[in-house]
There are 2 protein chains.
Amino acid sequence: MDYTIQKRVDGDFDDVIERTTQALEEEGFGILSDIDFGGTFEAKLDLDEEYRNYRVLGACNPGLARQGLDEEIGLGTLLPCNVAVYEADDGAVVVAAVDPKRLLGLAENPALDPIADEVTERFERVLDDL
Amino acid sequence: MDYTIQKRVDGDFDDVIERTTQALEEEGFGILSDIDFGGTFEAKLDLDEEYRNYRVLGACNPGLARQGLDEEIGLGTLLPCNVAVYEADDGAVVVAAVDPKRLLGLAENPALDPIADEVTERFERVLDDL
């Protein structure tokens with residue numbers, strides 16, 4: 001999956017969520033959305049068993065997001081940059097951030113390259129911290 | 001911006017948000033996130049003036065999302081599909097959905113093509129309804 005940058009993390013799922021949120025905040029990202037796909041599927045679909053823990057945190061650095069929207073007013077359709085936290089089949093917890101260069105690359109606008117580079121560097125530090 | 005499918009809509013901003021939400025629900029999408037970028041920028045950045053109205057609705061059809069995750073466990077980094085509603089420079093309200101084929105195309109997984117096609121058809125009907 002080369003549209004993500006990711007890391008397998010030891011620890012309890014809720015604990016990894018908390019550590020990821022804190023690491024994102026330390027890199028200047030607020031969490032603007034927090035989607036519980038596991039809970040949504042269990043509530044809306046007729047499943048035979050519980051779905052795996054699967055949350056998606058929408059991470060936004062307001063200054064960088066604003067720069068992006070100044071370049072491309074439609075860029076909000078690609079924001080915020082998501083960080084998925086989920087249980088792998090073997091029970092490990094995976095933290096997977098969308099690759100900002102691939103995501104913002106959809107706009108084919110070179111003015112966005114420095115923003116994508118900056119978000120990538122910050123995401124890499126977040127994953128290193130976990 | 002060929003990573004979106006969009007439409008200019010007459011009407012008050014909040015009214016367009018309401019109509020868009022309702023049209024999405026009629027096509028089987030729940031709104032799993034609702035991000036107010038205008039309000040976020042005003043709260044977090046030192047702006048000289050108010051930011052334009054700019055909201056991003058995260059639209060999710062649980063059945064299709066679950067199919068997508070069954071194919072690609074990391075696909076949550078690209079979900080939900082965003083529908084941005086914002087004021088254009090001339091005051092018109094624009095409803096811009098991310099192009100599902102471009103977004104899911106990042107995964108380069110042909111098994112996702114029918115899902116992207118289905119979401120695209122539904123988004124096109126949502127925009128037609130507005």
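**Helix crossings and the largest pocket**

In the predicted model, helix H2(A) passes helix H3(B) in a left-handed crossing. The axes of H2, spanning residues 37–44 of chain A, and of H3, spanning residues 62–71 of chain B, come within 10 Å and cross at roughly 130°, which makes H2(A) oblique to H3(B). On the side of H2(A), the contact involves Phe37(A), Thr40(A), Phe41(A) and Lys44(A), which meet Pro62(B), Ala65(B), Arg66(B) and Leu69(B) of H3(B). Sorted by class, the residues of this contact between H2(A) and H3(B) comprise five nonpolar, one polar and two charged.

A second crossing lies within chain A, where the axes of helix H1 (residues 13–26) and helix H5 (residues 113–129) come within 9 Å and cross at roughly 140°. Because the angle between them falls outside the ranges that count as roughly parallel, perpendicular or antiparallel, H1(A) and H5(A) are oblique to each other, and their crossing is right-handed. Ala23(A), Leu24(A) and Glu26(A) of H1(A) make this contact with Phe123(A), Val126(A) and Asp129(A) of H5(A); four of the contact residues are nonpolar, none is polar and two are charged.

The largest pocket holds about 160 Å³ of space. Its lining draws on both chains, with Arg66(A), Leu69(A), Asp70(A) and Ile73(A) from chain A, and Leu47(B), Asp48(B), Glu49(B), Glu50(B), Tyr51(B) and Arg52(B) from chain B. By class, the lining of the largest pocket divides into six charged and four nonpolar residues, with no polar residue.

Technical notes: Residues numbered from 1 in each chain as written. Chains lettered and ligands numbered in written order. Predicted model: local features only at pLDDT ≥ 70, side-chain atom pairs only at ≥ 80, totals over all residues. Heavy atoms only, no water. Axes fitted to C-alpha atoms, helices over the stretch in contact; angles between N-to-C directions. Helix = DSSP H or I, 4+ residues; strand = E, 2+ residues; numbered from the N terminus. Parallel < 35°, antiparallel > 145°, perpendicular 65-115°, else oblique. Left-handed = near helix turned anticlockwise from the far one by under 90°. Contact = heavy atoms within 4.5 Å. Nonpolar A, V, L, I, M, F, W, Y, C, P; charged D, E, K, R; others polar. 1 Å grid on protein atoms, 1.4 Å probe; cavity = no way out; pocket = protein on both sides within 12 Å on 5 of 7 lines; lining within 4 Å. Points joined across faces, edges and corners; volume = space filled by probe spheres on them.
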